[in-house]
Amino acid sequence: MAGGKHHVVVLALENVLALDIGIPLQVFGSWPDGPYTLTVCAEQPGPVAMHGGPALSVTEGLDALATADTVIVPGYLEPDAPSTRVSAALAQAAARGSRMVSICLGAFALAAAGLLDGRRATTHWQYAATLAKQHPKVTVQPEALYIDEGQVLTSGGVTAGLDLCLHLVRRDHGSRLANQRARLLVAAPHRTGGQAQFMDLPVAPDPDDGAAPVYEWALRNLHQPLTVDQLARRAGMSRRTLIRRFHADTGRPPMRWLLDARLGVARELLESSNLTVETVARRCGLGTPANFRTLFKAHVGVPPRTYRETFNPAPLSKP
């Protein structure tokens, strides 16, 4: 630690996202009497293109990673691997014992360096499937706001990076200092739930061989107690063929796809209406209000009431 302070190095890759890099700069850099020092570096000193803002003028190269206690890779425009030189520098920093952190698509840089192999990780939910496909040794958990694997930490999209940076302060110096920092930034010290709250609502897949009607029929009948056998008969397939088809089209077995679709409709109703929880549960086919609350919290991360207060603050009327 330089001068007794924890040295944070932020690696700005080409087309770094303005919001993503702004988060660690605010949390660790604008803190004159704080416990951190901060350096921004790039693969080559000089101007670095920034998406959403003017080019950054960066004076430090990859050599700055040699003195880092923590390395943070903010998100960048496309989920591509960085150069082999950057990947090697990240791997060397990790081997020296630096704490390795990513915000949003920065996870792709850590993954390219092999730092996420055998670990759980997250990234922006929209690119989670791409991360899992490109790096099958990584256990991708798109529902998480951030994941702490000890030396390696990853976060979801944009503001989840703020959650993670405050978590780092909390981990390093305790809740009191983290809460003080959060108040100064007018941010929640800790958010409940995960990225599942912010994912797109489910729609029917678009298979090219005429299987779309069974998905569309299921979405129209979510209030009914649907079964795999019903779906198979509707699709004119055997049970085994239907299960294989769902895996190929959606990456999920039929009953999990149905559950996700029901939860998606529930989210939509909680956002756009003042229907009671009992009515929402009935329309989505999720059973009793108690069962609905349990399933919703388990898969979305927050109770239905909290979700509604976040996305639909209008007062609830009587049923």
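1. Strands 7 and 8 run parallel and are joined by four bridges. Within this pair, Val-73 lies opposite Ser-102 of strand 8. The model under discussion is a predicted one.

2. The pair belongs to an open sheet of six strands, arranged in the order 3-1-7-8-12-11 with mixed pairing. Its edges are strand 3 (36-41) and strand 11 (146-148), each of which pairs on one side only. From one strand to the next the twist averages 15°.

3. Next to strand 7 in the sheet order stands strand 1. Strand 1 (residues 6-11) and strand 7 (residues 70-73) are paired in the parallel sense, over three bridges. Here Val-8 is placed opposite Thr-70 of strand 7.

4. Helix 5 (residues 159-173) packs on this sheet, where its contacts are with strand 1, strand 3, strand 8 (99-102), strand 11 and strand 12 (152-155). The direction of helix 5 makes about 150° with that of strand 12.

5. On the other side of strand 8 in the sheet order comes strand 12. These two strands run parallel and are joined by three bridges; Met-100 has Val-152 of strand 12 as its bridge partner. Strand 8 is covered on both faces, with Arg-99 and Val-101 on one side, Met-100 and Ser-102 on the other, and all of them buried. A charged side chain, that of Arg-99, is thus listed among the buried residues of this strand.

6. Strand 12 is likewise covered on both of its faces: Val-152 and Thr-154 are buried on one side, Leu-153 and Ser-155 on the other. Strand 12 also pairs with strand 11, in the antiparallel sense and through three bridges, and Asp-148 stands opposite Leu-153. The two strands form a hairpin with three residues between them. In its turn, Gly-150 has a positive phi of about 90°.

7. Which residues have the most contacts inside the largest nonpolar core? They are Phe-28, Leu-65, Leu-90 and Met-100, in a core of 59 residues. Met-100 is also one of the buried residues of strand 8. Leaving aside residues up to four places away in sequence, Leu-90 touches Leu-11, Leu-65, Val-71, Val-73, Met-100, Ala-109, Leu-110, Ala-113 and Leu-115. A second core, separate from the largest, has 15 residues, including Leu-259, Leu-286, Phe-296 and Val-302.

8. A helix pair also deserves comment. The axes of helix 8 (residues 228-235) and helix 9 (residues 239-250) come within 9 Å of each other and cross at roughly 90°. Helix 8 is therefore roughly perpendicular to helix 9, since angles from 65 to 115 degrees fall in that class. Helix 8 contributes Val-228, Asp-229, Leu-231, Ala-232 and Ala-235 to the contact, and helix 9 contributes Arg-239, Leu-242, Ile-243 and Phe-246. By class, seven residues of this contact are nonpolar, two are charged and none is polar.

9. Some totals complete the account. The protein has 13 helices and 12 strands. It comprises 319 residues, of which 47% count as buried. Among contacts between residues at least 6 apart in sequence, 64% join residues at least 24 apart.

Notes: Residues are numbered from 1 along each chain as its sequence is written. This is a predicted model: local features need pLDDT of at least 70, side-chain atom pairs count only at pLDDT 80 or more; totals for chains, interfaces and linings use all residues. Side-chain values use heavy atoms; hydrogens and water are left out. A nonpolar core is a set of buried Ala, Val, Leu, Ile, Met, Phe, Trp, Tyr and Cys residues joined through side-chain atoms within 4.5 Å. Buried means under 20% relative accessible area, exposed over 50%, partly exposed in between (1.4 Å probe, protein chains only). Contact means heavy atoms within 4.5 Å. Axes are lines fitted to C-alpha atoms, for helices over the stretch in contact, and angles run from 0 to 180 degrees between N-to-C directions. Angles under 35 degrees count as roughly parallel, over 145 as roughly antiparallel, 65 to 115 as roughly perpendicular and the rest as oblique. Two strands pair if DSSP finds at least two bridges between them.
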